[in-house]
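Work through the following exercises with the sequence and the coordinates side by side. Each task is followed by a solution that goes step by step.

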Amino acid sequence: MITDVSAEMVTAILPLYLVVGLQFSPAAYGAIDGLYTGATVLLRLVGGCAADLVDRRKPVALLGYGASAAAKLGLLAAAGSGVGIGLAITADRAGKGLRTAPRDALITLSTPPDRLGRAFGVHRTMDAAGAFAGPLVALAVLAAAPGSYDSVIMTSFCVALLGVMVLVLFVRDTPGPRPSREALRWRELLRGPAARRLVPASFLLGLATIGDGFTYLLVAERTDLALGWFPLLAVATSGVYLLLATPLGLLADRAGRLPVVLGGYLTLTATYLLLGLASGGGLWLVGAVVVLHGTFYAATDGGLMALAGPLLPAGLRTTGIALVQSGQALAYLISSVLFGVAWQVWGTRPALLAATVVSVIALAGTAVVLRTSERATA
């Protein structure tokens with residue numbers, strides 16, 4: 001939770017900082033936003049393989065959290081340089097890449113398969129609590145020192161450092177027997193039916209996502225939202241996420257994880273369609289987008305991992321999860337860049353309608369690819 005406060009403090013102001021503060025174009029912001037997530041691809045795989053090889057997940061996660069904390073100082077050192085900002089953001093996301101798969105693998109390995117939806121729901125609820133608090137802290141810092149983005153970033157670094165200390169002192173990682181060489185056959189994992197379905201599906205789901213920053217910038221544009229209220233969009237989304245993550249996790253265990261995940265992505269598609277078709281807007285549009293976006297995260301953020309976990313062998317669980325997450329991250333990089341270019345060249349409405357079409361096609365493909373996998377876990 002503490003580390004999410006730190007991460008969300010920066011995430012809440014990053015689109016505003018780049019597009020408004022530094023006057024970046026939509027295409028430039030799309031490239032940086034894509035790197036923000038896409039940079040995690042290789043290190044997700046490295047972290048997953050390393051954790052499975054030694055059967056120790058805490059050290060890998062600790063390295064990732066530490067790298068993300070250090071990256072906050074990199075944002076300060078960049079001093080407005082686009083290249084410097086891109087490198088700092090890449091380092092931050094690389095840290096996230098290292099830590100995410102070991103963390104999620106620990107959840108799947110310590111929870112009965114029929115309760116994974118609930119386990120991920122509870123975990124994501126705790127994450128959402130940090131995400132809810134982060135933008136509020138950022139807003140408080142900006143209220144005390146208007147326009148002082150550096151103060152927000154420095155505060156974020158201090159919170160991230162506290163999170164690393166908590167991980168070192170209080171989180172235990174009790175290793176089991178080291179996996180045998182037969183269990184560590186990565187080629188067999190890649191050739192197995194689970195990976196052949198999960199990785200393409202995760203790539204398709206990544207293509208259906210254009211990112212929070214674009215969504216919030218478009219809401220601000222459609223509703224003439226004052227810039228000082230911008231961070232509160234993330235706060236409100238996290239509030240909806242906080243309320244719905246555990247109930248939807250329980251629903252996934254009972255009704256099936258694939259329907260819940262696909263339903264969540266449909267709410268994201270509805271968000272694009274609503275923003276694309278709305279000729280004007282006010283508080284009703286802000287509220288509708290926040291509810292739809294928060295529901296999307298509550299239904300999907302842990303849902304795909306809950307679906308994937310039981311399908312992957314225990315000895316290569318972290319590697320398999322890293323593969324799934326990497327497919328999403330790589331596709332997100334592509335979709336973010338393409339949406340930024342489409343926004344700059346075509347304008348917001350055609351870009352959003354194109355994103356809606358891509359999302360519908362991606363969800364249809366995902367339903368076909370994962371249908372058999374969901375039956376296998378029923």
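**Exercise 1. Classify the two partners of the salt bridge between Asp 253 and Arg 257 by burial.**

Solution. Begin with Arg 257, whose relative accessible area is 7%, so this residue is buried, given that buried means under 20% relative accessible area. Since the model is a predicted one, this value, like those that follow, is computed from predicted coordinates. Next take Asp 253, which has a relative accessible area of 24% and is therefore partly exposed. Finally, locate the contact itself: the closest N and O atoms of Asp 253 and Arg 257 are 2.9 Å apart. Beyond this pair, salt bridges that share partners join Arg 103, Asp 104, Arg 124 and Asp 301 into one network, and the structure holds 5 salt bridges.

**Exercise 2. Examine Asp 104 in its salt bridges with Arg 103 and Arg 124, and state which helices the pair with Arg 124 ties together.**

Solution. Start with Arg 103, whose side chain meets that of Asp 104 in a salt bridge with an N to O distance of 3.1 Å. Then turn to Arg 124, which also forms a salt bridge with Asp 104, the closest N and O atoms here being 3.1 Å apart. Arg 124 belongs to helix H6 (residues 116-144) and Asp 104 to helix H5 (residues 82-109), so this pair ties together parts that are 20 residues apart in sequence. As for burial, Asp 104 has 0% relative accessibility and therefore counts as buried, and both Arg 124 and Asp 104 are buried.

**Exercise 3. Describe the largest cavity by its volume, its lining residues and the elements that supply them.**

Solution. A search of the whole structure finds 4 cavities of 30 Å³ or more, and the largest cavity has a volume of about 100 Å³. This cavity is lined by 18 residues, and those closest to its centre are Gly 117, Gly 249, Ala 298, Gly 302 and Gly 303. Two or more lining residues come from each of H6, helix H11 (230-255), helix H12 (257-277), H13 and helix H14 (303-308); among these elements, H6 gives the most, with 5 residues. Sorted by character, the lining of the largest cavity consists of 11 nonpolar, 5 polar and 2 charged residues.

**Exercise 4. Describe the second largest pocket in the same terms, starting from its volume.**

Solution. The space in the second largest pocket amounts to about 200 Å³. Of the 14 residues that line this pocket, Ser 335, Leu 338, Phe 339, Ala 355 and Val 358 lie nearest its centre. Helix H15 (317-346) and helix H16 (348-377) each contribute at least two residues to the lining, and the largest share, 5 residues, comes from H15. The lining of the second largest pocket comprises 12 nonpolar and 2 polar residues, with no charged ones.

**Exercise 5. For Thr 300, Gln 328 and Lys 72, decide whether each is buried or partly exposed, and place each in its surroundings.**

Solution. Thr 300 is found in helix H13 (residues 283-300) and, at 7% relative accessibility, counts as buried. Leaving aside residues up to four places away in sequence, Thr 300 touches Val 261, Gly 264 and Tyr 265.

Gln 328 has its place in helix H15 and is partly exposed, with a relative accessible area of 22%. With residues up to four places away in sequence again left aside, Gln 328 touches Ser 202, Phe 203, Leu 205, Gly 206, Tyr 265 and Leu 304. One of these contacts can be followed along the chain: Gln 328 and Leu 205 are 123 residues apart, yet their C-alpha atoms are separated by 6.5 Å.

Lys 72 lies in helix H4 (residues 58-78) and counts as buried at 4% relative accessibility. The C-alpha atoms of Lys 72 and Ala 91 are 9.2 Å apart in space, while the two residues are 19 apart in sequence.

**Exercise 6. Summarise the protein chain through its helices and strands, its buried share and its contacts.**

Solution. The protein chain contains 16 helices and 0 strands. Of its 378 residues, 53% are buried. Among contacts between residues at least 6 apart in sequence, 85% join residues at least 24 apart. To complete the account, the chain exposes about 15600 Å², of which carbon and sulfur atoms supply 69%.

Conventions
Residues numbered from 1 in each chain as written. Predicted model: local features only at pLDDT ≥ 70, side-chain atom pairs only at ≥ 80, totals over all residues. Heavy atoms only, no water. 1 Å grid on protein atoms, 1.4 Å probe; cavity = no way out; pocket = protein on both sides within 12 Å on 5 of 7 lines; lining within 4 Å. Points joined across faces, edges and corners; volume = space filled by probe spheres on them. Helix = DSSP H or I, 4+ residues; strand = E, 2+ residues; numbered from the N terminus. Nonpolar A, V, L, I, M, F, W, Y, C, P; charged D, E, K, R; others polar. Salt bridge = Lys/Arg side-chain N within 4 Å of Asp/Glu carboxyl O. Buried < 20%, exposed > 50% of the residue type's maximum accessible area, 1.4 Å probe, protein only. Contact = heavy atoms within 4.5 Å. Areas by Shrake-Rupley, 256 points an atom, 1.4 Å probe, with all protein chains shown as cover.
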